[in-house]
Every structure is written in C-alpha cells, then in structure tokens.
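Student: I am new to this structure and would like a close look at its core. Could you start there and then show me what else is worth finding around it?

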Amino acid sequence: MFEYEFMMNAFVASGIAAIVSGVVGFFLVLRQQVFAGHALAHLGFTGATGAALLGISPLWGMIAFTVVAGLAMGALGGRLSGYDIAISITLSLSLGSGLLFLHFFTAYATQVTVLLFGSILGVNTSMLISLAWLALLVFTALTVIARPLIFSSLQPELAEAKGVSLRSISMLFLAIVAIAVAQCTQIVGMLLVFTLMVGPAAAAQNLTNRISSGIVCAALFSLMQAWIGITLAFYTDWPTSFWISTLSTIVYGVSVLIKWWRRT
C-alpha cells in the first residue's frame, strides 16, 4: 500500500486534517455549537461553487465564505439558538444558490463534487502544503484564545463577569471551525465533514471529563478513524468516506456503552 505516492499523500493529508478536526471538534461539542458548525459545512458549498464561477479555486472560495459566515454566526452569540428556522432557510437558499452557480459554470463540476464527497486519494503535494499551512493557522489561533475559550465554554456567565467578551470568542472560534471544515472536506467531503469532527469529540467526552485528555482522545480517535478507513478502502475498494463514517459510529457507540457501564 505504501509503495504508491498517492497513498502516502492520503495518509499525510488525512493525518493533518484528522488531528485538526479532532481538536476543534472537541471544543465544538463542548460549547454545544454542533448545529452552527454543520451549517458552515453546507454554506461552504455556495462558496466553492461561487468561486468556481469566478474562476477561483473552489477550496479557497469555500474557506473565504465559511470564515465570513462563521464570524457572522459568532456575532449572534447566545442568540444563535433562537434563529434555528432562519438558519435552516438560509442553508436551503445557500444550497440552491450553489446549484445555480454550478449550472452556469460546469468546468469546475468535478472539483466541486470532490468537495461534497471527498477525494483523499487525489491529494497532491501542493494540497498537502495548503493543508499544513491551514493546520498551523488553526493551532496558532486556538493557542491564542485557548484560556478564554475554555473559560467561556465551561462558565460563560462567570467569564463574562470577569471581562471576557463572549461574542468575540464565539466569532473567533467559529472562524477557526470554518477553516477546519474546509480541511476536513478533502477527506470525507462537506456532506460527511462531522464524521471526523463531532463523532470522535463526542466519544472522547463520554470517556473523560478532563479537558487535556479529552482533546488528546478526540484527536487520536479522529486520526485512527481516518487511517484505518483509508486502509480498509484500499483493500476493499469501497469508498473511504463510508469506512470513516462507519468507524466513527462504532467508536461513538462503544463510548456510550462504556459510559453507561461506568454509571451502573
């Protein structure tokens, strides 16, 4: 399997994206903002197709669009939960607009399809470099806001009383989520992006209450799912996304059973 360059690229790319997704996903689940993150994944489709219409790389169009959307969602702060219907309608309009853009400019149809469903085996060296830079950006940003992010996630009222701007932290964090979503689409596509982002993080939080160990577990679970999924896809010729999503379900299911067993 490792005799092929495209397989080596696949393992490196999936490793980068999986670790980023696991770490960011941990905070996404901790802050109960899974719906907002899911919305960003769908909004990315409009950004990708709109960029293709303008002759720009769909990946960078998706990154730009999701970051702007993340900042906008973060600006709503705690009021975001009260806009479920509005967000759902916006998502429908966004997907419809994406299809319209694709109708007018079909030359990038293949690339957009890759963003929807993923194509880890098609990652090249330039894409690896892009993923590495994006990962560095995500981890640098997380490091900068780590303390106020954890504080505001666990005790938002006390954090606000201590002078932490909940809106600013939310905006910055959702912008980070947007970049992580763009990375993850290269592995499983934007339709299954939370296979690597939410499943491992939720499983980790079922197994430990510690922040540090939970982050490590989430990253390891995500990495394990990505690498085992690619291996199974190579030997079975089944889609990589199928195996990764299946493994994510299994890992989460096992974590639920362990959590239940501990309580009993």
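Tutor: Happy to! Of the 264 residues of the protein chain, 49% count as buried, where buried means under 20% relative accessible area, exposed means over 50%, and partly exposed is in between, using a 1.4 Å probe and protein chains only. Keep in mind that this is a predicted model, in which local features need pLDDT of at least 70 and side-chain atom pairs count only at pLDDT 80 or more, while totals for chains, interfaces and linings use all residues. Residues are numbered from 1 along each chain as its sequence is written, and side-chain values use heavy atoms, leaving out hydrogens and water.

Let us get our bearings. The protein chain has twelve helices and zero strands; helices (H or I, at least four residues) and strands (E, at least two) are DSSP runs numbered from the N terminus. About 12800 Å² of the chain is exposed, and carbon and sulfur atoms supply 69% of that area; such areas come from the Shrake-Rupley method with a 1.4 Å probe, and for residues only the protein chains shown count as cover. Among contacts with a separation of 6 or more, 79% join residues 24 or more positions apart, a contact being heavy atoms within 4.5 Å.

Now to the core. In soluble globular proteins, nonpolar side chains tend to be buried together. Here the largest nonpolar core holds 73 residues, and Val24, Phe173 and Val177 touch the most other members. A nonpolar core is a set of buried Ala, Val, Leu, Ile, Met, Phe, Trp, Tyr and Cys residues joined through side-chain atoms within 4.5 Å. Helix 1 (residues 5-30) gives the largest share of the largest core, 15 residues. To see how Phe173 sits, look for its contacts with Val24, Phe27, Leu28, Arg31, Gln33, Ile145 and Leu149, not counting residues up to four places away in sequence.

Next, follow the rings. The whole structure has nine aromatic pairs. Rings of Phe, Tyr and Trp (its six-membered ring) pair if their centres lie within 6.5 Å, with planes under 30 degrees apart counted as stacked, over 60 as edge-to-face and the rest as tilted. One of the pairs is Phe2 with Phe11: their ring centres are 5.1 Å apart and their planes meet at 50°, so this pair is tilted. Phe11 is buried because its relative accessible area is 10%, whereas Phe2, at 49%, is partly exposed. Trp238 and Phe242 make an edge-to-face pair, with 5.7 Å between centres and 65° between planes. Both partners are partly exposed: Trp238 has a relative accessible area of 47% and Phe242 has 37%. You can also find Tyr4, Phe6, Phe234 and Tyr235 in one aromatic cluster.

Helix 10 (residues 199-207) is mostly covered, with seven of its nine residues buried. Those buried residues are Gly199, Pro200, Ala201, Ala202, Ala203, Ala204 and Asn206, and they pack against helix 1, helix 9 (194-197), helix 11 (211-236) and helix 12 (240-263). Gln225 lies in helix 11 and is buried, with 0% relative accessibility. Leaving aside residues up to four places away in sequence, Gln225 touches Thr195, Leu196, Pro200, Ile244, Leu247, Ser248 and Val251. Thr249, in helix 12, is exposed at 57% relative accessibility. The C-alpha atoms of Thr249 and Pro200 are separated by 9.0 Å, although these residues are 49 positions apart along the chain.

Finally, come out to the surface. Leu53, Leu54, Ile56, Trp60, Leu100 and Phe104 form a nonpolar patch with about 620 Å² of accessible area together. Patches are made of residues with over 30% relative accessible area and no salt bridge, joining like charges within 9 Å and nonpolar side chains (Val, Leu, Ile, Met, Phe, Trp, Tyr) within 5 Å; a salt bridge is a side-chain nitrogen of Lys or Arg within 4 Å of a carboxyl oxygen of Asp or Glu. Trp60 belongs to helix 3 (residues 58-76) and is partly exposed at 42%.

Two loop residues are worth a last stop. Gln32, in the loop between helix 1 and helix 2 (34-53), has a positive phi of about 55° although it is not a glycine, and at 74% relative accessibility Gln32 is exposed. Asp237, in the loop between helix 11 and helix 12, is another non-glycine residue with a positive phi, near 65°; Asp237 is exposed at 70%.
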